[in-house]
Amino acid sequence: MKKPVFTQIKGNSSGYWMLLALLGGFILTALGATYYMEHGGHYVTGMSNNIVWGMPHVFAVFLIVAASGALNVASISSVFAKTAYKPLAPLSTLLAVALLAGGLMVLVLDLGRPDRLIVAMTKYNFKSIFAWNIILYNGFFVVVGIYMWTMLQRSMNKYSKVAGFSAFIWRLILTTGTGSIFGFLVARQAYDAAIMAPMFIVMSFSYGLAIYMLVLMASYKWTNRPLGDATFKRLKNLLGVFIAGVFYFIVVKHLTNLYATEHHGVEAFILRDGGIYTQMFWYGVMLIGTVIPLAIIYHPTVGMSRSAVGVASLFVILGGLALMYVIIIGGQAYPLVLFPGKEVSSTFFDGMVNNYAPTLAETLLGIGGFAVALFIVAFAVKVLRFLPESLADEAVDPHHSK
Amino acid sequence: MSPKTPESTTDQYRRKFLKQSAAVGGLMVAPGVILNQVAHAKPDAEKVSNKNRWGILVDTNKCSKGCNDCVTACQEENGWGKSETKSRPDQQAQWIRKVTITDKQTGHVQSLPLMCQHCENPPCVDVCPTGASMKREDGIVLVDRHICIGCRYCMMACPYKARSFIHEHLQYQKVNAPRGIGTVESCNMCAPRVDRDREPACVEACSKAEHGALLFGDLKDPESAISVELKKHGGKQIRADLGLNTGVRYQGI
Amino acid sequence: MMSYGQFAKHLLVLAGLFALPVLSNAGELGPQPPKAKEKASAKTECVRPVKEMRKNHMKLLLHKRDETMREGVRTKEISLSECIECHVTPKKDGEYPRIGEDEHFCSSCHNYAAVNIDCFDCHSDLPKDASAHMHTLNGNNPHHKDLASKDSLKKETLDVLIEGGKK
């Protein structure tokens, strides 16, 4: 088997510059939205003292989860020693770092005091899962950065396996941490469940791979590099398995909750009476995020169409965002149960379903996170050798027969 | 004459500081001894200690349904309420609120004030990434707004919706109750008052209205009125199932 | 080649140019912190020697901040509200200056040094009697909020707004 040849993309076409300009535009819009939100305060957002985490957190948590999932392709090559994934690994590490950067930007810019970021970096309460996550995120940049380096510089190649293994362990812990942000919230009916952590790991596999496939297919198409059917099929089948995995965890989570009478209220809210959250769950998560992509991927003819699988990947991403919306905002919309068996009313909306109407600014900030991630990728593949010149079947797999 | 270098100034300061702290230390020990015998009268220089745990007992049977005096007293003391002019009602601060609860079976209606419950094991303190959400030695839970970054994780973790995020620039804060944009705040059991041996504003207002539904005191002092009453008639925690051991207890629910 | 006479002339012009900003501001070089109330006048010094306060006031405040916040120490010697009480004095027109205005004790230096402080996002920038006065004036709900806002307007703009520009 020939060693894959990695080269920079030329990146001098008008299309390339337009892509950068477009992404740059989204980033500037997001910064403008931040200025608008932070200048006078959060009163301009849909967030409140009842729905304390809103649209920015939906995007941020999604991006952070997807970041660790994007690393999966590299892990398969170095940890599980699948040579066919080796040419795909550098882009995988790049995307992981870029998505995390995008997610963290959104998270930080939504803080009440983003100017005090230095406090978050210097003062730690080690009992806080959030504090662990700050360490895990920073560590992720370092560990994956080193892994990337061992792959990009030939003299470092020999360390690539060790680095890849560390990165794999680190990302598992990181996603466990992200899931635990919600899993350990005993106060809220919708969250208090240990299953959140493994569920977030499987979600990360699925969303990370979906974004990876879109980026891979787009960059190979736009640079006229060959992307073979074997690689394509391998990735899309993997995506199918991951989608099914997420589906399994969602089913188990809700069934567990339905078994306990205590949780019937919140389950009825999400699954039946929750209005927008119920619609998001059934149409967004189940139909768009699960059924349609699975149908496309496993369809014998449609499943071989690159554009159809591209749509499936896009749907997985949309379904993922919908699931985040249901988990994060739906979970807060359901009232806290303070007095079981009693009807509650107060000047602070006790006992009522909390309203949330996301404003344009907070949504634009969230979208800006995606733009940052894609901008980093588009720029990095121009200046460093991330992409193999060919992913044609012969180049990837020596035993491939026509 | 030798020129005054910055070092010598610092040294001077150090000497002075050491002398003063020794003096303060001496002052602190002496009244501390007396403190345990006579009623509490904390000298300003003394640190709060875990010899005390402050608590409030709410007798819901005495709490009047239409009365809002504890809330307005808290607003007056701490300057929240009308200070936020741009925020929506669900964005405005709520340090303490009156809650009406109706039993679904019997139709029995009760009214009670709900605020930070000053847990012994506060979830808000556990989750805070910077340590801004904190519990003092004497059991009062509050936010150190100097290092609060406004992430709102504590609000996600609080079972009582006791915390508020400030959504806009504030002005004309009370001298004793600093509060401002982008940080989280909640009932601090009027710590500045408690440190000067006064009752929280809500408790004072309730007595003034002659309802006497609120009783403030030291849960660790078996002789205190609140301990005696709790021992005699008991007091429930809201969401006792979470095992938080709250410092605010309720009778009649 | 330039003659010595010409060179000296050029030098003079150059020196004049450098001196210009100094001369035009003659008498008001550097920050102009307003005088404190009598409590800390020439007779009674500040809680530490002035020189030391200029250099270390932030360290004292930071240390005390944690002691008060976390340990309930309520001594008045080092205390932000006591600083404000003594140092923030009325302007010529009798009104109290707000943070951000050069007449405010803290801002007089911090504006000059361009060091941003966020103390007064939360803390009151006025002495007790002044803030109590403001509360009653505004019913805790200042309707002319924007005029008195902390990022306050220039005096000229204020004049225009208040007196319609008539002088």
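Which residues point one way from S1(B), and which point the other way? In this predicted model, Trp54(B), Ile56(B) and Val58(B) are turned to one side, while Gly55(B), Leu57(B) and Asp59(B) are turned to the other. Every one of these residues is buried. That strand is a good place to start the tour.

## The sheet around S1 of chain B

Strand S1 of chain B covers residues 54–59. It is mostly covered, with six of its six residues buried. S1(B) belongs to an open sheet of three strands in the order S8-S1-S9 of chain B, and the pairing is mixed. The edges are formed by strand S8 (214–218) and strand S9 (248–251) of chain B, each pairing on one side only. Direction ignored, neighbouring strands of this sheet are turned by 20 degrees against each other on average. Helix H7 of chain B, residues 225–233, packs on the sheet and touches S1, S8 and S9 of chain B. The direction of H7(B) makes about 110 degrees with that of S8(B).

Now for the pairings themselves. S1(B) and S8(B) are joined in the antiparallel sense over five bridges, whereas S1(B) and S9(B) pair in the parallel sense over four bridges. Ile56(B) has a partner in both neighbours: Phe216(B) stands opposite Ile56(B) in S8(B), and Val248(B) is the bridge partner of Ile56(B) in S9(B). Next along the strand, Leu57(B) stands opposite Arg249(B) in S9(B).

## A loop residue for comparison

Where does Lys82(B) lie? Lys82(B) sits in the loop between helix H2 (69–78) and S2 of chain B. Is Lys82(B) buried or partly exposed? Lys82(B) has 13 C-beta neighbours inside 10 Å, so it counts as partly exposed. A residue needs 20 or more such neighbours to be buried. Lys82(B) can also be placed against the strand we began with: Lys82(B) and Ile56(B) are 26 residues apart in sequence, and their C-alpha atoms are 26 Å apart in space.

## Where the two chains meet

How many residues of chain A are in contact with chain B? There are 39 residues of chain A in contact with 46 residues of chain B. On the chain A side, the elements giving two or more residues are helix H5 (117–122), helix H6 (129–152) and strand S2 (342–346). The largest share, five residues, comes from S2(A). By class, this side of chain A has 19 nonpolar, 13 polar and seven charged residues.

S2(A) also takes part in a sheet with chain B. S2(A) and strand S2 of chain B (residues 96–103) run antiparallel and are joined by five bridges. Among the facing residues, Glu343(A) stands opposite Thr102(B), and Ser346(A) has Val99(B) as its bridge partner.

## The sheet shared by both chains

What is the order of the open sheet of three strands that includes S2(A)? The order is S2(A)-S2(B)-S3(B), with antiparallel pairing. S2 of chain A and strand S3 (109–115) of chain B each have a single partner strand, so one side of each is left without a neighbour in the sheet. Neighbouring strands here are turned by 30 degrees against each other on average, direction ignored.

Helix H2 of chain B packs on this sheet, touching S2 and S3 of chain B. The direction of H2(B) makes about 160 degrees with that of S2(B).

## Helix packing in chain A

Helix H6 of chain A, already met at the interface, also packs against H7(A). Their axes are 9 Å apart, at an angle of about 155 degrees. Angles over 145 degrees count as roughly antiparallel, and H6(A) and H7(A) are therefore roughly antiparallel to each other. Their crossing is left-handed. The residues of this contact divide into 16 nonpolar, nine polar and one charged.

H7(A), residues 160–183, also meets helix H8 of chain A, residues 196–222. The axes of these two helices come within 7 Å and cross at roughly 125 degrees, which makes H7(A) oblique to H8(A). This crossing is right-handed. The residues of the contact divide into seven nonpolar, seven polar and no charged. On H7(A) they include Leu172(A), Thr175(A) and Phe182(A), and on H8(A) they include Met196(A), Phe200(A) and Ser204(A).

Conventions: Residues numbered from 1 in each chain as written. Chains lettered and ligands numbered in written order. Predicted model: local features only at pLDDT ≥ 70, side-chain atom pairs only at ≥ 80, totals over all residues. Contact = placed C-beta atoms within 7 Å. Nonpolar A, V, L, I, M, F, W, Y, C, P; charged D, E, K, R; others polar. Pairing = 2+ DSSP bridges. Axes fitted to C-alpha atoms, helices over the stretch in contact; angles between N-to-C directions. Parallel < 35°, antiparallel > 145°, perpendicular 65-115°, else oblique. Left-handed = near helix turned anticlockwise from the far one by under 90°. Buried ≥ 20, exposed ≤ 12 C-beta atoms within 10 Å, placed from the backbone.
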